[in-house]
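User: Hey, can you walk me through a structure? I'm new to this, so plain words please.
Analyst: Sure, here it is.

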Amino acid sequence: MTTERTRVAIVGAGPAGLVLSHLLAEEGIESVILDSRSREEIEGTIRAGILEQGAAELLATIGGTSRVHTTGERHEGIGLHFASPAGDGEAHRIDFQALTGRSVWLYPQHEVLIDLIAARLGAGQDLRFGTTVDRVEGVETDRPRVLGTTAEGEPFELEAEFVVGADGSRSAVRPAVTGPSREGGYFREYPFAWFGILCEAPPSSAELIYSNSPHGFALISQRSPTVQRMYFQCDPHDDPHAISEAEIWDVLQSRTPGVELREGPIFQRDVLRFRSFVSHELRRGRAALVGDAAHTVPPTGAKGMNLAIADVILLSRALSELLLGANGGSERGIDAYAAAASQRIWNAQHFSWWMTSLLHLTPDASDFDRLRQLGELRSVVESEAGSRYLAEAYTGWPYRTEL
Ligand code: PHB
């Protein structure tokens, strides 16, 4: 087995790993990205689609291939609908522009990845698909190593000055960062999931609609003028294929009173379980975690991809300090990374948990719980201060760039 060398070994070619490689390259720091999946798999996996204004602005600067501001759609608000047990539906709008002067962009994650992969390959990035990482060793030394199997089935060893785990919730890097005794993290599971569909139909609404109905939550989202994405709250154990298309439309219609849904053939369905998670450790020695490897959020606040981008903005600063200074640079920034990244992570954890608890009905909810939730929804829509918190969090807090 031959040992190769690079400056930063990035495990995972998702938004976090790809954006990080770009930010490092801008500083003249070479990296290698490894991902176990094929390019087709990465570019074809359906994920969520909301980008904070700051994330969209950053992506637009990468490699000249970004279509976020051309194919993506600017959204200046969302609909927030709810109904009392008596069935009186209320439709409100949270006006992001009026409340914050900011917007979000609807641009699905797989499109982001198509753009980023083209940009990074075009810039000469060493990006290896089909490469499995088994483990990371030596993170307490200044030459950590990534060990695994190449696309050709050969064992490999990649020695680096720093290793980054950007490889999602089942990260192969995380055990080296958390250590066996602290494996796992701060964790919360929810007693419901989302049933998601993609259908061929025109949009039912110009903006996203988050609806808390007496029958449970639904979200009307979009993908394009001809493809729509919609979700409804379901049991985490539901089989996505056990229900007919007509039944799916009945559920969606019953949970969005007052909205006329434009129906069409459903060509994909899935059940998304969700949980809140933050790794106990985000960095150890010469390794750090970013994106879903470090944390996962429920999808209600649309924060997943956005938080990953915020992580790597901070980490790239810390790595520049560490790797570019004379005599090996300063560890000050990397020592500050975990605490600095944690602040936004926990703000986003709170927001995602709050949006989730505001909009979903738990199976054991009492009448008190339901009426209290309606009171909370009214406190949001009837108060500018209440609406503004939602708008600020949804469109994205300013990036912290100082460590
Ligand atoms: C989506 O379009 O997939 C989507 C949008 C907003 C969310 C979650 C998912 O909060």
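User: How far apart are the end C-alpha atoms of helix H11, and does that agree with what its 12 residues should span?
Analyst: This is a predicted model, by the way. Helix H11 covers residues 384-395, and at 1.5 Å a residue its 12 residues should span 16 Å. The end C-alpha atoms are 16 Å apart, so the two agree.

User: Which residues of H11 are buried?
Analyst: Those are Gly386, Ser387, Leu390, Ala391, Ala393, Tyr394 and Thr395.

User: What goes on at the start of H11? And what follows the helix?
Analyst: At the start, a side-chain oxygen of serine 383 reaches to within 3.1 Å of the backbone nitrogen of alanine 385. After H11 comes glycine 396, and its phi is positive, near 105°.

User: OK, new topic: the ligand. Which residues come nearest to it?
Analyst: There are 14 residues around the ligand, and Tyr210, Ser221, Arg223, Tyr231 and Pro299 come nearest.

User: Which polar atoms sit by the ligand's oxygen atoms?
Analyst: The side chain of tyrosine 210 has an N or O atom 2.7 Å from an oxygen atom of the ligand. Arginine 223 has a polar side-chain atom 2.7 Å from a ligand oxygen. With threonine 300 it's a backbone N or O atom, 3.2 Å from an oxygen atom of the ligand.

User: How much of the ligand's accessible area does the protein cover?
Analyst: On its own the ligand has 280 Å² of accessible area, and the protein covers 99% of that.

User: Which elements give two or more residues to that shell?
Analyst: Strand S16 (216-222) and strand S17 (227-234) do.

User: And how do the shell residues divide up by type? Which domains do they come from?
Analyst: The split is 9 nonpolar, 3 polar and 2 charged. Domain 1 (3-70 + 107-184 + 280-361) and domain 2 (74-103 + 190-274 + 374-395) each supply at least three residues.

User: Switching again: is glutamate 159 buried or exposed?
Analyst: Glutamate 159 has a relative accessible area of 14%. The cut-off for buried is under 20%, so glutamate 159 counts as buried.

User: Where is glutamate 159, and which side chain does it contact?
Analyst: Glutamate 159 is in strand S12 (residues 155-159). Its side chain makes a polar contact of 3.0 Å with the side chain of arginine 5.

User: Last one: where does arginine 255 lie, and is it buried or exposed?
Analyst: Arginine 255 lies in the loop between helix H7 (245-254) and strand S18 (266-279). Its relative accessibility is 11%, so arginine 255 is buried.

Conventions:
Residues are numbered from 1 along each chain as its sequence is written. This is a predicted model: local features need pLDDT of at least 70, side-chain atom pairs count only at pLDDT 80 or more; totals for chains, interfaces and linings use all residues. Side-chain values use heavy atoms; hydrogens and water are left out. Helices (H or I, at least four residues) and strands (E, at least two) are DSSP runs, numbered from the N terminus. The expected span of a helix is 1.5 Å times one less than its number of residues. Buried means under 20% relative accessible area, exposed over 50%, partly exposed in between (1.4 Å probe, protein chains only). A polar contact is a pair of N or O atoms within 3.5 Å; within protein, one must be able to donate a hydrogen and the other to accept it, and residues adjacent in sequence count only if both atoms are side-chain atoms. A residue is near a molecule or strand if one of its heavy atoms lies within 4 Å of it. Accessible areas come from the Shrake-Rupley method with a 1.4 Å probe; for residues, only the protein chains shown count as cover. Ala, Val, Leu, Ile, Met, Phe, Trp, Tyr, Cys and Pro count as nonpolar, Asp, Glu, Lys and Arg as charged, and the others, Gly among them, as polar. Domain bounds come from an automatic or database domain assignment.
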